[in-house]
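Reader: I'm new to reading protein models, and I'd love a guided look at one part of this one. Could you go slowly and explain the words as you use them?

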Amino acid sequence: MRRVFAIVMLSALPVFAGSGGTLEGRIVTLNVETWDSPDEMKFQSVGRTVTVGSGIEFGMGPEFRTPGFDVVPVQVEIKPHRIEFSYDMRRGTFWDAAFNGYVLRFVAECALIEGFSVDHAFTTMAVTEADIRQDGGAFYINVAGRDYGPEARLAIDVMVSDCLLG
């Protein structure tokens, strides 16, 4: 009887991301944005929202909504402490702008990401930590002027806080 009571009490406690935190189970929205000034958006994709789980979270492709701009086909997999981007067989160069890239907005009531680094052993794109910034729950990854294609990969390792899951 005591064992059953303990299990019931544990299930009533808030759900934590675990020791050191994790992105698993988090709600996240992905947008592709292009701008020279955030106040003058040249392009913003339709946002896609998912709960992080196993496998590919986002498989984005062209939307055919804005003449001259569109989404470069990309697959985004979010792991407990890592975000990976990969591309299909199309080759090209991302439009050059002050910002042209990915915005991941995580639902969290705290500073979710405590730190990040590009995994240079895995990454084939010319992206560095200087191309990534965090603003509240938003994570901006600038790929402006970078080449993409089937061999292009980008991996960002993240330190996640021990926030409550939203």
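To get my bearings: of the 166 residues of the protein chain, what % count as buried? After that, please take a close look at the open sheet of five strands: in which order do they stand, and how do they pair?

Author: Happy to! This is a predicted model, in which local features need pLDDT of at least 70 and side-chain atom pairs count only at pLDDT 80 or more, while totals for chains, interfaces and linings use all residues. Residues are numbered from 1 along each chain as its sequence is written, and side-chain values use heavy atoms, with hydrogens and water left out.

First, your warm-up question. In the 166-residue protein chain, 42% of the residues count as buried (under 20% relative accessible area with a 1.4 Å probe and protein chains only; over 50% is exposed, and in between is partly exposed). The chain's secondary structure consists of one helix and 13 strands (DSSP runs numbered from the N terminus, of H or I and at least four residues for a helix, E and at least two for a strand). Starting at the N terminus, the helix comes at the front and the strands follow.

Now to the sheet. Its five strands are arranged as β4-β5-β6-β13-β9, with antiparallel pairing (two strands pair if DSSP finds at least two bridges between them). In general, strands of a sheet pair through backbone hydrogen bonds, either parallel or antiparallel. At the edges stand β4, residues 58-60, and β9, residues 113-118; each has a single partner strand, so one side of each lacks a neighbour in the sheet. On average, neighbouring strands here are turned by 20° against each other, direction ignored (axes are lines fitted to C-alpha atoms, and angles between N-to-C directions run from 0 to 180 degrees).

Let's walk inwards from the β9 edge. Strand β9 is joined to β13, residues 153-160, by five bridges, and the two run antiparallel. Can you find where Ile113 meets this partner? Its bridge partner in β13 is Val160. Ser117 has Asp157 as its bridge partner in β13. Next comes the pairing of β13 with β6, which is again antiparallel and spans five bridges. Here Arg82 stands opposite Asp157 of β13. Asp157 is therefore a good residue to mark on your screen: it is the partner of Ser117 and also faces Arg82. While you look along these strands, keep one general point in mind: in a regular strand the side chains alternate between the two faces of the sheet.

Strand β6 also takes us into a ring pair. Which residue partners Tyr87 in an aromatic pair? A search of the whole structure finds eight aromatic pairs. In one of them, Tyr87 meets Tyr148, with 6.2 Å from centre to centre and 40° between the planes, a tilted pair (rings of Phe, Tyr and Trp, the last with its six-membered ring, pair if their centres lie within 6.5 Å; planes under 30 degrees apart are stacked, over 60 edge-to-face, and the rest tilted). Tyr87 belongs to β6, residues 82-87, and Tyr148 to β12, residues 147-148, so this pair ties together parts 61 residues apart in sequence. Are the two tyrosines buried or exposed? Both are buried.

Continue now to β5, residues 74-79, where you will find Lys79. Lys79 is partly exposed, because its relative accessible area is 29%. Although Lys79 and Val52 are 27 residues apart along the chain, their C-alpha atoms are separated by 7.6 Å.

The loop between β4 and β5 holds Phe64. Phe64 counts as exposed because its relative accessible area is 71%. Its backbone deserves a glance too: the phi angle of Phe64 is near 55°, a positive value in a residue other than glycine.

For practice, try another pairing elsewhere in the chain. Strand β1 is joined to β2, residues 41-44, by three bridges, and they run antiparallel. A hairpin of five residues connects β1 to β2, and Glu33 stands opposite Gln44 in β2. You can also look for a cluster in which ring pairs link Trp35, Phe99 and Tyr140.
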